[in-house]
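Here is a short set of questions and answers on one model. Keep the sequence and the 3D view open while you read.

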Amino acid sequence: MSEPTATTTPRERYRRQVREEIKQRAREQIAAAGTSALSLNKIAKQMGLSGAGLYRYFTGRDELLAELVRDAYQSLVDTFRAAAGRDEGDFNGLAHALRAWALDDPQRYFLVYGPPVPGYRAPADLSLKMAEIMSLVINASDFELGSSPGTPPAVFLRSGEDQAPASAMRLALAFWTRLHGILFLELSGHFLGIEFDPAQLYENELELLSVG
């Protein structure tokens, strides 16, 4: 949440605080019973608001859900930026950051990478967050393959002459699909009863991906 500036009015600050509380109540519902459990009426009751009162802050479930998804994406962007900032070409570091982020809050992970919520359509602006996340992965993949990054990450997903090397794109897509496959199965409980350590499986898959 951004800090209030000197130009914000008390009403604007109060509105921001109430919106943040609504989002926190929504996260608690989702953490307890999944996205399908999200209920604006229940949140309104918990906060001592009428249904109409809550709708002054969010126009409906989809707007609230979009905010939660936006926050989840931003959290992953910040996590990847921090990992990339420590070592721009740390391919393994991004992989470990992804797993730590996912395990820290599985329901936040499912908001972004879980099954689609029936009737919900993600806002178009999220594509920018998705592109930034993938750009960081592609940049790390380029370093992993031993080539010079040269091109800023922002242009990696464009078509034409500015596109990243095909080898970096292939490695980044393998990173994304294979590691997410393990994470999704682990967080969904599909490894229960199987005699192996999901963390070690993740490390083994990462070792197969790594070229250094």
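Q: With which side chain does the side chain of Ser-210 make a polar contact?
A: This is a predicted model, where local features need pLDDT of at least 70, side-chain atom pairs count only at pLDDT 80 or more, and totals for chains, interfaces and linings use all residues. Residues are numbered from 1 along each chain as its sequence is written, and side-chain values use heavy atoms, without hydrogens and water. A polar contact is a pair of N or O atoms within 3.5 Å; within protein, one must be able to donate a hydrogen and the other to accept it, and residues adjacent in sequence count only if both atoms are side-chain atoms. At 3.0 Å, the partner of the Ser-210 side chain is the side chain of Asn-92.

Q: Is Ser-210 buried or exposed?
A: Ser-210 sits in the segment after α9 (198-209). Helices (H or I, at least four residues) and strands (E, at least two) are DSSP runs, numbered from the N terminus. Buried means under 20% relative accessible area, exposed over 50%, and partly exposed in between (1.4 Å probe, protein chains only). Ser-210 has a relative accessible area of 18%, so it counts as buried.

Q: Which residues is Ser-210 in contact with, leaving aside its neighbours within four places in sequence?
A: Contact means heavy atoms within 4.5 Å. Asn-92, the polar partner, is in the set. The full set is Phe-91, Asn-92 and Glu-144.

Q: How far apart are the end C-alpha atoms of helix α5?
A: The expected span of a helix is 1.5 Å times one less than its number of residues. Helix α5 has 14 residues, 91-104, and should therefore span 20 Å. The model agrees: the end C-alpha atoms are 20 Å apart.

Q: What covers the buried residues of α5?
A: The buried residues of α5 include Phe-91, Leu-94, Leu-98 and Trp-101. At the start of α5, a side-chain oxygen of Asp-90 reaches to within 3.5 Å of the backbone nitrogen of Asn-92. The cover over the buried residues of α5 includes α4, α6, α7, α8 (166-187) and α9.

Q: Which residues does Val-112 touch, not counting residues up to four places away in sequence?
A: Val-112 belongs to helix α6. It is buried, because its relative accessible area is 12%. Tyr-73 is 39 residues away from Val-112 in sequence, yet 6.9 Å away in space, C-alpha to C-alpha. The residues touched by Val-112 are Val-69, Ala-72, Tyr-73 and Trp-101.

Q: Which residues does His-180 touch, not counting residues up to four places away in sequence?
A: His-180 is in helix α8. Its relative accessible area is 9%, so His-180 is buried. It touches Leu-98, Tyr-109, Tyr-113 and Phe-175.

Q: Which residue just after α7 takes a positive phi?
A: The 19 residues of α7 should span 27 Å, and its end C-alpha atoms are 27 Å apart. Buried residues of α7 include Ile-133, Val-137 and Glu-144, and their cover includes α4, α5, α6 and α8. Just after the helix, phi is about 90 degrees at Gly-146.

Q: Which element gives the largest share of the lining of the largest pocket?
A: On a 1 Å grid over the protein atoms alone, a pocket is an open set of points where a 1.4 Å probe fits, with protein on both sides within 12 Å along at least five of seven lines; lining residues have an atom within 4 Å of a point. The largest pocket holds about 290 Å³, where grid points are joined across faces, edges and corners and the volume is the space filled by probe spheres set on the points. Of its 16 lining residues, the closest to the centre are Leu-111, Gly-114, Pro-115, Pro-116 and Val-117. The largest share, three residues, comes from α6.

Q: How many residues of the lining of the second largest pocket are charged?
A: This pocket has about 220 Å³ of space, and α4 gives the most to its lining, with four residues. Ala, Val, Leu, Ile, Met, Phe, Trp, Tyr, Cys and Pro count as nonpolar, Asp, Glu, Lys and Arg as charged, and the others, Gly among them, as polar. The largest pocket has no charged lining residues. In the second largest, five are nonpolar, two are polar, and the charged ones number five.
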